[in-house]
Amino acid sequence: MSSSDGSHPPTKDPSSAEDSPSSTASAAVDFLSLCHRLKTTKRAGWVRKGIREPESVADHMYRMGVMALVAADIPGVDRDRCVKMAIVHDIAEAIVGDITPSDNVPKLEKSRREQEALDHMCKLLGGGSRGKELSELWMEYEENSSPEAKVVKDFDKNKASIWMSFSSLLQGSSRPMWARLGLQR
């Protein structure tokens, strides 16, 4: 924004509404609204395979987070960091969508698009410690640069095949989910 004569940007008043708790809450709402898109963004690989009722990116991130939460302890691996990383690893897809290898987007270009989207999302949070944490977790996962990133990437690779197999078994049945899983009501 510029001043009314267009010559200089306005100076920021330290007591302005931008720094108030209500603006912080507003920024969080904007961020969460953007993240809500993940609930309606279907996993592209599932759609291409013709899976009926494919999981959304949000479903995927949630399952990954739960897998990290209930996984056995691994010496030298911070479980809480794994849970956070699992939740963050695909968050940029709220903007860029679920880019898969069959989209023929080079890995560096995919990473660039996702980094740009993540930067935008972190700015919505006003930068600060939460934005920085999201960015660091995403980059650590992207670069596979820690034991936690390696664990979460392994969950990501294995979860997809396990869940797609499970979903395939459940399709085509008119029985309720609890019965298909062998549970009693």
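What follows is a conversation between a visitor and a guide about a predicted model of a protein chain.

Visitor: How many helices and how many strands are there in the protein chain?
Guide: This is a predicted model, and the elements of its protein chain, read from the N terminus on, run α-α-α-α-α-α-α-α-α. Counted by type, the protein chain has nine helices and zero strands.

Visitor: What percentage of the residues in the protein chain are buried?
Guide: The protein chain exposes about 11700 Å² in total, and carbon and sulfur atoms supply 57% of that area. A residue counts as buried when its relative accessible area is under 20%. Of the 185 residues in the protein chain, the buried ones make up 36%.

Visitor: Among contacts with a separation of 6 or more, what share comes from residues 24 or more positions apart?
Guide: One example of residues far apart along the chain is the pair Ser-102 and Ala-44, which are 58 residues apart and whose C-alpha atoms are separated by 9.4 Å. For the protein chain as a whole, the share of contacts with a separation of 6 or more that comes from residues 24 or more positions apart is 59%.

Visitor: Which helix gives the most to the largest nonpolar core?
Guide: In soluble globular proteins, nonpolar side chains tend to be buried together. Here the largest nonpolar core has 26 residues, and those with the most contacts inside it are Leu-38, Ile-91, Met-121 and Val-152. At least two residues of this core come from each of helix H1 (21-40), helix H3 (57-70), helix H4 (79-88), H6, H7 and helix H8 (147-170). The helix that gives the most, with five residues, is H4.

Visitor: Which residues does Ile-91 touch, not counting those up to four places away in sequence?
Guide: Ile-91 is one of the residues with the most contacts inside the largest nonpolar core. Once residues up to four places away in sequence are set aside, Ile-91 touches Phe-31, Cys-35, Leu-38, Met-61, Leu-118 and Met-121.

Visitor: Is Gln-115 buried or exposed?
Guide: Gln-115 is found in helix H6, which covers residues 107-124. Beyond its neighbours within four places in sequence, Gln-115 is in contact with Ser-135, Trp-138 and Met-139, and its C-alpha lies 8.6 Å from that of Trp-138, although the two are 23 residues apart in sequence. Because its relative accessibility is 18%, and the cut-off is under 20%, Gln-115 counts as buried.

Visitor: Where does Ser-135 lie, and with which residues is Ser-135 in contact, leaving aside its neighbours within four places in sequence?
Guide: Ser-135 lies in helix H7, residues 128-143, and with a relative accessibility of 22% Ser-135 counts as partly exposed. Ser-135 and Cys-122 are 13 residues apart in sequence, and their C-alpha atoms are 7.2 Å apart in space. Leaving aside neighbours within four places in sequence, the contacts of Ser-135 are Gln-115, Leu-118 and Cys-122.

Visitor: Why does Cys-122 have no bond to the closest cysteine sulfur?
Guide: A disulfide is a covalent bond between the sulfur atoms of two cysteines, and the structure holds zero disulfides. Cys-122 is buried, with a relative accessible area of 9%, and Cys-82 is buried as well, at 3%. For Cys-122 the closest cysteine sulfur is that of Cys-35, which is too far for a bond because a disulfide needs sulfur atoms within 2.5 Å, whereas the distance here is 9.9 Å.

Visitor: Which residue lies over the face of Tyr-141?
Guide: The structure holds zero aromatic pairs. The face of Tyr-141 does have a residue over it, at 4.1 Å from the ring centre, and that residue is Lys-153.

Visitor: Is Glu-53 buried or exposed, and what is its phi?
Guide: Glu-53 has its place in the loop between helix H2 (44-48) and H3, and with a relative accessible area of 70% Glu-53 is exposed. Most residues other than glycine have a negative phi, and most peptide bonds are trans. Glu-53, by contrast, has a positive phi, near 55 degrees.

Visitor: Where does Asn-144 lie?
Guide: The phi of Asn-144 is positive, near 55 degrees, in a residue other than glycine. Asn-144 counts as partly exposed, at 29% relative accessibility. Its place is in the loop between H7 and H8.

Definitions and conventions
Residues are numbered from 1 along each chain as its sequence is written. This is a predicted model: local features need pLDDT of at least 70, side-chain atom pairs count only at pLDDT 80 or more; totals for chains, interfaces and linings use all residues. Side-chain values use heavy atoms; hydrogens and water are left out. Buried means under 20% relative accessible area, exposed over 50%, partly exposed in between (1.4 Å probe, protein chains only). Contact means heavy atoms within 4.5 Å. Accessible areas come from the Shrake-Rupley method with a 1.4 Å probe; for residues, only the protein chains shown count as cover. Rings of Phe, Tyr and Trp (its six-membered ring) pair if their centres lie within 6.5 Å; planes under 30 degrees apart count as stacked, over 60 as edge-to-face and the rest as tilted. A charge sits over a ring if NZ of Lys or CZ of Arg is within 6 Å of the ring centre and within 35 degrees of the ring normal. A nonpolar core is a set of buried Ala, Val, Leu, Ile, Met, Phe, Trp, Tyr and Cys residues joined through side-chain atoms within 4.5 Å.
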